[in-house]
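Hi,

Here is the structure I promised to pass on to you. Have a look at it first, then read my notes below.

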Amino acid sequence: MDKVIKILWVDDEIDLLKPYILFLKGKGFLVETAHNGDDGISMVEEQDFDLIFLDENMPGLSGLETLSRIKMIRSAVPVVMITKSEAEDIMEEAIGSKIADYLIKPVNPNQILLSIKKNIDTKRLVSEKTTSVYQTQFSQISVKINSARTYEDWVEIYRLLCYWELELDQSSHDGMDEVLLMQKSEANLGWARFIKANYKSWFDPKNEEKPLLSPNVLTTKVFPLLDKGEKVFFLLIDNLRFDQWKIIESSLSDLLKVESEELYCSILPTATQYSRNAMFAGLMPLEINNIYNDVWLFDEDEGGKNLKEKELLEKQLARMGKNYKIRYEKVNNLKAGKKLLDSVSDLLEYDLNVIVYNFVDMLSHARTEMEMIRELANNESAYRSLTSSWFRHSHLLEVIRLLSKQNIKVIITTDHGAIRVNNAVRVLGDRQTSTNLRYKLGRNMDYNPKEVYEIKVPEEIHLPKPNISSKFIFATNDDFLVYPNNFNHFANYYRNTFQHGGISLEEMLIPIVTLSTLNYE
C-alpha cells in the first residue's frame, strides 16, 4: 500500500484556500493547516510532514522567519514558499534559505500539484524513467557490443556503460544494476577478443588506426600546449577510472572549464610500473630497458619500480630538445598534500608542473587489506562515492581552487584503471613468477591458454623480459590469477577486490581531460 503524503499549509488567509485544500484531499493527500507562523512551527515540532506550503507575507512571524525556524527543526523537509511579491531580494533570501520551490500568487491547482510531484515524487518518477530508458537502450548497447570493430566503437560503448552506471546510481533501480553488471561483463569479453586480435598491430609504425597509448600522452597532449607558451599543471591521479573522473568532475565545474575529455589506452600490463614509466619516458618498457637499463627494474627485482619518473621525464625532454622549466611532485600522504598546498605560489614559476596523487590507488589496496574499507566501499557505487568524498575534502581540490585564479591549463589523467575481480583462474608458477593477480611474468608457468591472453614473445608488444624464456599472461574480464597452493583461501580473499594489470575496459580505457581556468584575474 502506497504511503499517504502529508502536507502542512501555513497561511494567514487559509480559509480562502479551502478549494485548494479540498482539491488536494480529493487527490489523496492528507492536508493540515495553520493560520500563522507560530502555529505552523508548533505543528512541525509535533508531527512529521512530507511537504510544507508557506505564505511569505503573514502578520506576526513572517514567512522567511518561519522558514528559518522550520529548517532548524526539520532541515530535510521541503518547503514551498508562496508569495504575492516578485521582489528579487525576497526571492534571493528564500532561495538562500534552501526552499524547495517558489510560487507567485495567484496560483492554480495544477501549479500546486506539479510542485508536490516535483518535490515529493521526483525520485520515483526519475527512477522509473531512468530504468525504462535503460531497458530500451539495453538491446541497442548489446548490438553495439556485438558489432564493435574499432577502438572508437569500444570507447563509445564504455562511455555508454559508465553513463548508465552513474544514472542508475541515482535511482531505485530494482535490480537493474545486476543487469548492467552482466552487460559490462559481456562488453569486457568482447573487448578482450578485440585486444587479442589487435593489440600487437598497434606497434606497427605503419598502423594509422592505433589509439593514443601511454608513451605518447605527453607529446600529444602536453608539449603542444607548452610550445604555445601555456603554463600546464599535469595532475596524474593514480588508478583513476573514467567513472570516478565523472564523479569528481562536478566538484570542478565552478572552477575549471572542460576543453576536451578523451579516453586513451593504457599499455599492458595496466600496472604503474609499466604504464606510468612509459608515459614519463615517452617510450615503451622494452625501449626504456634497452636505452636506460640502469633505470628499469623487473617485477622480481628488489626496490621501488617508480622511483625514477622525474628522471625519465627529463630524459624524454632532453631527447626532444625541450627546455621547459619543470617541477615534479609525488603526493603519497596528508603531509605531502599540505606541503603542496602551501607551495602553490612557487608552482607558478614553472612551465610544467607534474603532480602525481596516489590516493585512489591506496584506496584500492586498502580495500583489499582492510575489512573496514571493504565495508565502506562494498560495491562499485560506494567505491565511487568514497572517491568523490576524498576529492571534495582533499588538498588537491584546494590546490586547484587556488590555481583557478590563474591563466593556466590543467590536465587531469591517470596511468591505468582497475576492475573488481570475481573469478579465480589457476596458474602454476615458480618462485621467479611475478605476483600480480591480473598478469604474470615468468618462465615456468602452467595455465589454460584459453583463459588468458598469452604473449610468448614479449618483444612483440614492446615489453622487456628478464630471461630468454620469460613470457607474459594477462587476465581478462573479471578474472584473477591464483596459484594452486591454498587456492580456495586466496580465491576467497581476493574475490570482490579492485585489481589492475590485466585486460578490461575499466583498466585500459582511461580519462585524459584538458581544462582551462574560468576565474583567473
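Start with a network of salt bridges that links Glu-165, Asp-169, Lys-184, Arg-241, Asp-243, Glu-380, Arg-384, Arg-420 and Glu-506. Keep in mind while you look that this is a predicted model.

Two pairs from that network are worth zooming in on. In one of them, Glu-506 makes a salt bridge with Lys-184, and their closest N and O atoms sit 3.2 Å apart. Glu-506 belongs to helix 21 (residues 505-508) and Lys-184 to helix 8 (residues 176-198), so this pair ties together parts that are 322 residues apart in sequence. Are these two buried or exposed? Glu-506 is buried, and Lys-184 is buried as well.

The other pair is Asp-243 with Arg-241, where the closest N and O atoms of the salt bridge are 2.8 Å apart. Asp-243 has a relative accessible area of 0%, and Arg-241 has one of 1%. Buried means under 20%, so Asp-243 counts as buried, and so does Arg-241.

How many salt bridges does the structure hold? The count is 31. One more of them that I'd look at is between the side chains of Arg-276 and Glu-309, at 2.8 Å from N to O. This pair links distant parts of the chain: Arg-276 is in helix 11 (residues 272-281), Glu-309 is in helix 13 (residues 309-319), and the two are 33 residues apart. Arg-276 is buried, with 1% relative accessible area, and Glu-309 is buried too, at 1% relative accessibility.

Now turn to helix 9, which covers residues 217-227. Which of its residues are buried? They are Val-217, Leu-218, Lys-221, Val-222, Phe-223, Leu-225 and Leu-226. Looking down the axis of helix 9, you'll find these buried residues within an arc of 165°, so they line one face of the helix. If the spacing looks odd to you, here is the background: an α-helix has 3.6 residues a turn, so residues three or four places apart point the same way. After helix 9 comes Gly-229, which has a positive phi, near 90°.

Strand 9 (residues 352-357) is next, and Asn-353 is the residue to find there. Asn-353 has a relative accessible area of just 1%, so it is buried. What does its side chain reach? The side chain of Asn-353 reaches the backbone oxygen of Leu-347, at 2.8 Å.

I also looked for enclosed spaces. There is one cavity of 30 Å³ or more, and the largest cavity has a volume of about 40 Å³. Which residues line the largest cavity? Its lining is made up of Glu-300, Gln-432, Leu-441, Gly-442, Arg-443, Pro-466, Asn-467 and Ser-470. Sorted by class, that gives two nonpolar, four polar and two charged residues.

Finally, zoom out to the whole protein. Its secondary structure comes to 21 helices and 18 strands. The C-alpha trace spans about 90 × 55 × 40 Å along its principal axes. Of the 521 residues, 53% are buried.

It's over to you now. If you want a place to begin, try Glu-506 and Lys-184, the salt bridge between helix 21 and helix 8.

Cheers

Terms used:
Residues are numbered from 1 along each chain as its sequence is written. This is a predicted model: local features need pLDDT of at least 70, side-chain atom pairs count only at pLDDT 80 or more; totals for chains, interfaces and linings use all residues. Side-chain values use heavy atoms; hydrogens and water are left out. A salt bridge is a side-chain nitrogen of Lys or Arg within 4 Å of a carboxyl oxygen of Asp or Glu. Helices (H or I, at least four residues) and strands (E, at least two) are DSSP runs, numbered from the N terminus. Buried means under 20% relative accessible area, exposed over 50%, partly exposed in between (1.4 Å probe, protein chains only). On a 1 Å grid over the protein atoms alone, a cavity is a set of points where a 1.4 Å probe fits but cannot get out, and a pocket is an open set with protein on both sides within 12 Å along at least five of seven lines; lining residues have an atom within 4 Å of a point. Grid points are joined across faces, edges and corners, and a volume is the space filled by probe spheres set on the points. Ala, Val, Leu, Ile, Met, Phe, Trp, Tyr, Cys and Pro count as nonpolar, Asp, Glu, Lys and Arg as charged, and the others, Gly among them, as polar. The arc is that of the directions from the helix axis to the C-beta atoms. A polar contact is a pair of N or O atoms within 3.5 Å; within protein, one must be able to donate a hydrogen and the other to accept it, and residues adjacent in sequence count only if both atoms are side-chain atoms.
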